[in-house]
Amino acid sequence: MKRVLGTAIAAIVALLAFVAPAQAADLAHGGQIFSANCAACHLGGRNVVNAAKTLQKADLEQYGMASIEAITTQVTNGKGAMPAFGSKLSAEDIADVASYVLDQSEKGWQG
């Protein structure tokens with residue numbers, strides 16, 4: 001029993017160490033990047049090009065975009081009418097804006 005508990009605790013610690021860097025994103029900086037590069041099409045979590053594919057939590061989930069990885073890929077490479085920002089923004093900028101988008105979707109784009 002102690003061995004199982006010790007293994008479980010070790011697994012949780014390892015998981016937290018993996019998750020912690022993703023939480024270290026600078027949301028304020030992400031908001032600045034969003035305002036400067038994304039808000040023209042996505043102000044308030046909307047989408048002026050395709051109204052069905054907003055940045056609202058339900059839409060992100062429906063279209064498989066409700067993760068830092070998916071948003072990062074979309075911002076980096078673009079898709080459809082959305083341009084790629086991989087050559088315009090740094091990896092840190094993209095990570096911060098992806099975290100900001102996910103955070104705002106969780107809050108319902110209230111603030």
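Start with the largest pocket in this predicted model: 26 residues line it, and His42, Asn47, Lys53, Gln74 and Met82 are the ones nearest its centre. Four helices each give two or more residues to that lining, namely α2 (27–37), α3 (39–42), α4 (57–62) and α5 (68–77). The protein around the pocket has 6 helices and 0 strands, and it holds 0 disulfides.

**The pocket**
- The space in the largest pocket comes to about 670 Å³.
- By residue type, the pocket lining splits into 16 nonpolar, 7 polar and 3 charged residues.

**Overall layout**
- Reading from the N terminus, the order of elements is simply α-α-α-α-α-α.
- The protein has 111 residues, and 31% of them are buried.
- Take the contacts with a separation of 6 or more: 51% of them join residues 24 or more positions apart.

**The nonpolar core**
- The largest nonpolar core has 19 residues, and Phe34, Val75 and Val101 touch the most other members.
- Helices α2, α5 and α6 (91–107) each supply two or more residues to this core.
- Among the elements, α6 gives the most to the core, with 6 residues.
- What does phenylalanine 34 touch, once residues up to four places away in sequence are set aside? The list runs to Ala39, His42, Leu55, Val97, Tyr100, Val101 and Trp109.
- One of those partners, Val101, is itself among the core members that touch the most others, while another, His42, is one of the residues nearest the centre of the largest pocket.

**The two cysteines**
- Why is there no disulfide between cysteine 38 and cysteine 41? Their sulfurs are 8.8 Å apart, which is too far for a bond, given that a disulfide needs the two sulfur atoms within 2.5 Å.
- Seen from the other side, cysteine 41 is in no disulfide either, with the sulfur of cysteine 38 as its nearest cysteine sulfur at 8.8 Å.
- Is cysteine 38 buried or exposed? Cysteine 38 is buried, because its relative accessible area is 12% and the cut-off for buried is under 20%.
- Cysteine 41 has a relative accessible area of 32%, so it counts as partly exposed.

**Where α4 meets α6**
- Lysine 57 sits in helix α4, and serine 105 sits in helix α6.
- Leaving out residues up to four places away in sequence, lysine 57 touches Ser105 and Glu106.
- Which residues does serine 105 contact beyond its neighbours within four places in sequence? Serine 105 is in contact with Leu55, Gln56, Lys57 and Leu60.
- Leu55 turns up twice, then: Leu55 is in contact with serine 105 and is also touched by phenylalanine 34.
- Serine 105 has a relative accessibility of 4%, so it counts as buried.
- Lysine 57 comes out at 33% relative accessibility and therefore counts as partly exposed.
- Lysine 57 and glycine 45 are 12 residues apart along the chain, and 9.2 Å separates their C-alpha atoms.

Methods
Residues are numbered from 1 along each chain as its sequence is written. This is a predicted model: local features need pLDDT of at least 70, side-chain atom pairs count only at pLDDT 80 or more; totals for chains, interfaces and linings use all residues. Side-chain values use heavy atoms; hydrogens and water are left out. On a 1 Å grid over the protein atoms alone, a cavity is a set of points where a 1.4 Å probe fits but cannot get out, and a pocket is an open set with protein on both sides within 12 Å along at least five of seven lines; lining residues have an atom within 4 Å of a point. Grid points are joined across faces, edges and corners, and a volume is the space filled by probe spheres set on the points. Ala, Val, Leu, Ile, Met, Phe, Trp, Tyr, Cys and Pro count as nonpolar, Asp, Glu, Lys and Arg as charged, and the others, Gly among them, as polar. Buried means under 20% relative accessible area, exposed over 50%, partly exposed in between (1.4 Å probe, protein chains only). A nonpolar core is a set of buried Ala, Val, Leu, Ile, Met, Phe, Trp, Tyr and Cys residues joined through side-chain atoms within 4.5 Å. Contact means heavy atoms within 4.5 Å.
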